[in-house]
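Good morning, and thank you for joining. I would like to take you through one model, starting with a term that will be needed later.

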Amino acid sequence: MIVAGVEVKISRLESIVEQIGEAVLSTTETIERLAERLDTLSAQVEAQGKQVQQQGYQIVALCDAVQTLAESQDDSMQKINQLTQTLNRLTSLIEGSDER
């Protein structure tokens with residue numbers, strides 16, 4: 001009777017140890033999958049960070065180009081105004097010589 005009771009307890013302990021082993025294996029597999037997902041997400045975040053940085057550089061370059069264009073247009077407008085004034089004077093001189 002005592003031997004049978006001990007065998008039952010040993011059987012239960014074996015069952016418990018087996019369940020603990022299965023739980024540990026399952027947990028380990030889950031952690032490995034989570035680690036892989038974290039690695040993937042980390043790589044994606046790094047790639048997106050590089051894209052954002054590149055876009056920042058492009059925005060700065062675009063702003064510089066727009067500023068240069070605005071300055072160039074301002075210079076062009078000044079030259080056009082000077083040319084218009086010169087043409088107006090020339091027209092006045094020609095009209096004045098026609099009246100004499």
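By a salt bridge I mean a side-chain nitrogen of Lys or Arg within 4 Å of a carboxyl oxygen of Asp or Glu. Please note that this is a predicted model, in which local features need pLDDT of at least 70 and side-chain atom pairs count only at pLDDT 80 or more, while totals for chains, interfaces and linings use all residues. Residues are numbered from 1 along each chain as its sequence is written, and side-chain values use heavy atoms, with hydrogens and water left out.

I turn to the overall form. The chain has one helix and zero strands, taken as DSSP runs (helices H or I, at least four residues; strands E, at least two) and numbered from the N terminus. Its C-alpha trace spans about 145 × 15 × 10 Å along the principal axes. The radius of gyration is 43 Å, whereas a compact globule of 100 residues would have one near 13 Å; the value is taken over C-alpha atoms, and the globule rule is 2.2 Å times the number of residues to the power 0.38.

Of the 100 residues, 0% are buried. Here buried means under 20% relative accessible area, exposed over 50%, and partly exposed in between, with a 1.4 Å probe and protein chains only.

Which side chains meet in a salt bridge? They are those of Glu46 and Lys50, at 3.7 Å, N to O, and the structure holds one such contact. Because the two residues are four apart in helix α1 (residues 2–99), about one helical turn separates Glu46 and Lys50. Glu46 is partly exposed at 47% relative accessible area, and Lys50 is exposed at 53%.
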